[in-house]
Amino acid sequence: MAVSKGLVIFVLLYISTQGAAITASVFSTTSRSTTLRWSKFPGANSYLVTVHEKSSSDVVAFAQFGANTVMGTVNSLYPNTVYEFTIEALDSSQQRLDVIVVESTTAPPLMEPIQKVKPKDSESLIVEFNLVTGAIHYIIRIQSSGGFYREDTVYSSPAEISSLSPYTEYTLSMMAVNDGGRNQPSPSVTGKTVLPPLELSASSPSNDSIVVSWDLIDNAVQYTLIMYQVASNNTIEQNTTSTNLTISGLEAGRLYIIMGYGWDPEQRQGEGSSYINQTTRPPMPVSIHVSVVVSDEAALSVSWEFNQEVYGHIEYHVMSDQKHTCNSTSSYCILSPVGCGEMHTIQVTASNEAGPGYPSSPFNFITFPCPPESLAVVESVEANCTMSWDMVPYADSYTAYIKIGDGSEETCNTTGNNCTFHCQCGYTHLLSVFAFNDAGPSPQGPVINHTTLPCCPEDVFVSLVSTETLEITWTASMGADLYETRAADNSEVILCNDTAPVCALSDLSCDSPYSVVVTPCNDISGCNRACQYHTKDTAPCMPMNMQLHHKNSSCVTVSWTANNRAANYSVSAVGADGIHTCMSSGSSCDITDLPCGSIYEVTTIATSAAGQSLPSYSETLETEPCCPVSLTVDQATQAMSILSWSHAKGAYSFMASLTSPRGDARCHTQDHHCLMGCITCGTNYTVTMEVYSHSGYSVNCTYEGFSSSACCPSGVRLYKMAGNSLRVHWRTTGGGHHYVAEMLGSNNYTCVSAGENSCEVPNVQCGEVYHIVVSPLTTDGSKVSFCPQRLYSVTCLGSDVGTVLYRGKRSVDEQMPSVI
């Protein structure tokens, strides 16, 4: 049996005597048994399972299993009871190695058979059963011989089993479910659904009958149909073995409600159909009367006797044999417009939702003459027009009406089919004809609009409003409904149709001469093609393929493709400092005096007598970056110098160089200063700099040369002289430099040497420690500040200078004091 989804397993106790622990779970449970599953324990020879109720410590069952068994079943349990299962792993001497306790509830007790099964409808059964103690819910198992299988969860009795098949026998059994699982199915019972409902459709073929039909239902041996007349006690019930039934002898225009069901071979009534409504067709209209109604147009008013007792919405359809019809929900209807000079045979038919009833008896009626058709106007000679029309039956005479655009009106009476009248150029004429006989005039016939050819517009003005658009304006002309504006050059024709006396012709070819003509038109007489032409040029074409070529740092050559007939070109370079321009009638020009470190947007415009072109596509121009105005070199140590410089417009990075025959130094930076190493003392350097822009343009800059200071002397020694004098001695690198020697202590002493390698300091205070520094002097007389110091102690011998001791960081040879 499968484990219930509601199964809850609790591990109540875990005791482990070794490193690995035994694990266990409940595999399945029934009303009387529980199957457990556990893991193998190392060294276990057998497994002992003991059972007691959770509320008692008394063992109610036990079972022992071999070393290779990991699943076992304990029987003889009670339904719906909570048990604790103790699983012990035992060695060969039956000593416990490990133990685990799990808890589980047995399923409810076996249910009694289902008490009652009855059909609710063709797809549902009602099941009644006895409840059991401890059950959370119940499962009804439904099966059929056709392979249908389903389990439904229910919670009480009676329960409804739905979504079944009509007229099908099912086997049903019950199971109760609690937290532990489900019990065994109860003894099965059978139940059978009834026949499905009829799908009725109905119609009324006449005003006293209804036909009802449905599809054949399998296993049905007979059908019952029940019909109720609304607002009446009349009920009709009929049986049949066919799938349709005609019920006659009904009242016209009444509503009937219909339902039905089938019977199976067991004489069980099937599921009832849905109720449907059907109305019989309405009765035939009587007392037909026809009269003429004359307003804007001729019409026939048809009336009849209205039946107040018919059910529902009734619509009446009136039809003439001249194919005139009208519909109405009241007792009259208008046929409009009627045929003139004709015999009308009229019938009225009542309809409802069931369909049309029988038509009324025919009624004949004769109308007055028709209006003349096929009106036409011909301009026979200048300022004269002739109107003609077709003759119509039953007409004795005709009257023609001519309304002229200036407000005047003319009439013409005749028994023929034409009339001549005066017509002027540029005017609109409204023309109509009426026919007469003893019955009266015909209705309004067709009205035609005849307009003579319009005159050519005056004050035509053609202007260039954009590079490729011409605007044409003129004075409106008499009789013109539409103006056709045409512009043509050697390769294309552009048209513009509008009712306003203005037109814009766009998308013209640039730098082209166009012939422009405005042609007035109207809908009837057409267009006047004899109007004067006007010539206008479009603006020059936009310069293309613009290229920039740097001539030097302040001059750029701009070139382009010049494809205009005759045009001057203006080039503009727009930057932060303003606009720089150049002019040319060819295909290039030079923009000069461009400052360094600048960025410009460059465009070219062509200009001719016709106007100005669109600007060319812009190109970005970048000049060389500027050199820094000032650059200084300061020596930091004997071998390092600091370079600093001023701001340079357009600069992105700098490459500074110090160059000499004795070696070079270089740095590349985005800062405005850098530290130069590997400087040789006493050397003249050439100072240069390369300045780079963001896009890689560069410029070489040269500055005043730089001379590094004289080298600091080496081998500085202090010697005792006569009296209280001392001599400072050093080794030089040559070059005849001046040196200053300083003795710094509580008293400071200085001596200067002009190109020598020693100097004397008189009247020195003995008994002091002095810092000795010997520094070369620069050309301006200042001393170099980075030469090293040496530390000497000067002792006293009586009142004179005694021993001189070197105290600085000294070599091995210098560790011994020197006495002079």
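Which residue in β65 is the bridge partner of Val-740? I looked this up before anything else, keeping in mind that the model is predicted. The partner of Val-740 is Val-752.

**Entry 1. The sheet around β64 and β65**

I then followed the pairing outward from that bridge. Strand β64 covers residues 738–744 and pairs with β65 in the antiparallel sense, over 6 bridges. Both strands belong to an open sheet of 5 strands, which I read in the order β65-β64-β67-β68-β69, with antiparallel pairing. At the edges I found β65 (749–754) and β69 (800–806), each of which pairs on one side only. From one strand to the next, I noted an average twist of 25°.

**Entry 2. The sheet β55-β56-β59**

I turned next to an open sheet of 3 strands, whose order is β55-β56-β59 and whose pairing is antiparallel. Here β55 (631–635) and β59 (673–676) are the edge strands; each has a single partner strand, so one side of each has no neighbour in the sheet. The twist in this sheet averages 20° from one strand to the next. I checked the pairing of β55 with β56 (residues 641–645) and found 5 bridges between these antiparallel strands. Within that pairing, Thr-632 lies opposite Ser-644 of β56.

**Entry 3. Strand β43 and its partner**

Which side chains of β43 are buried, and which are not? In a regular strand, side chains alternate between the two faces of the sheet. I found alternation along β43 (residues 502–505): Cys-503 and Leu-505 point to one face and are buried, whereas Val-502 and Ala-504 point to the other face and are not buried. I also looked up the pairing of β43 with β40 (residues 469–475), which is antiparallel and made by 4 bridges. Ala-504 in β43 is the bridge partner of Glu-471.

**Entry 4. Leu-110**

I located Leu-110 in the loop between β8 (96–105) and β9 (116–121). Is this residue buried or exposed? Leu-110 counts as exposed because its relative accessibility is 52%, and the cut-off for that class is over 50%. I then listed its contacts, leaving aside neighbours within four places in sequence: Ser-31, Asn-183, Gln-184, Pro-185 and Ser-186. For Ser-186 I also noted the separation from Leu-110, which is 76 residues in sequence and 6.5 Å in space, C-alpha to C-alpha.

**Entry 5. Cys-370**

Cys-370 sits in the loop between β30 (363–366) and β31 (376–381). I recorded a relative accessible area of 18% for Cys-370, which is therefore buried, as the limit for that class is under 20%. Not counting residues up to four places away in sequence, Cys-370 touches Cys-340, Gly-341, Val-392, Ala-435 and Ser-442. I also looked up its separation from Glu-112: 258 residues in sequence and 95 Å in space, C-alpha to C-alpha.

**Entry 6. Met-284 and a surface patch**

Which residues make the nonpolar surface patch of about 280 Å²? I found Met-284, Val-286 and Tyr-358. Of these I followed Met-284, which lies in the loop between β22 (276–279) and β23 (289–294). Its relative accessibility is 39%, so I entered Met-284 as partly exposed. That value also meets the requirement of over 30% relative accessible area for residues in a patch.

Conventions. Residues are numbered from 1 along each chain as its sequence is written. This is a predicted model: local features need pLDDT of at least 70, side-chain atom pairs count only at pLDDT 80 or more; totals for chains, interfaces and linings use all residues. Side-chain values use heavy atoms; hydrogens and water are left out. Patches are made of residues with over 30% relative accessible area and no salt bridge: like charges are joined within 9 Å, nonpolar side chains (Val, Leu, Ile, Met, Phe, Trp, Tyr) within 5 Å. Accessible areas come from the Shrake-Rupley method with a 1.4 Å probe; for residues, only the protein chains shown count as cover. A salt bridge is a side-chain nitrogen of Lys or Arg within 4 Å of a carboxyl oxygen of Asp or Glu. Helices (H or I, at least four residues) and strands (E, at least two) are DSSP runs, numbered from the N terminus. Buried means under 20% relative accessible area, exposed over 50%, partly exposed in between (1.4 Å probe, protein chains only). Contact means heavy atoms within 4.5 Å. Two strands pair if DSSP finds at least two bridges between them. Axes are lines fitted to C-alpha atoms, for helices over the stretch in contact, and angles run from 0 to 180 degrees between N-to-C directions.
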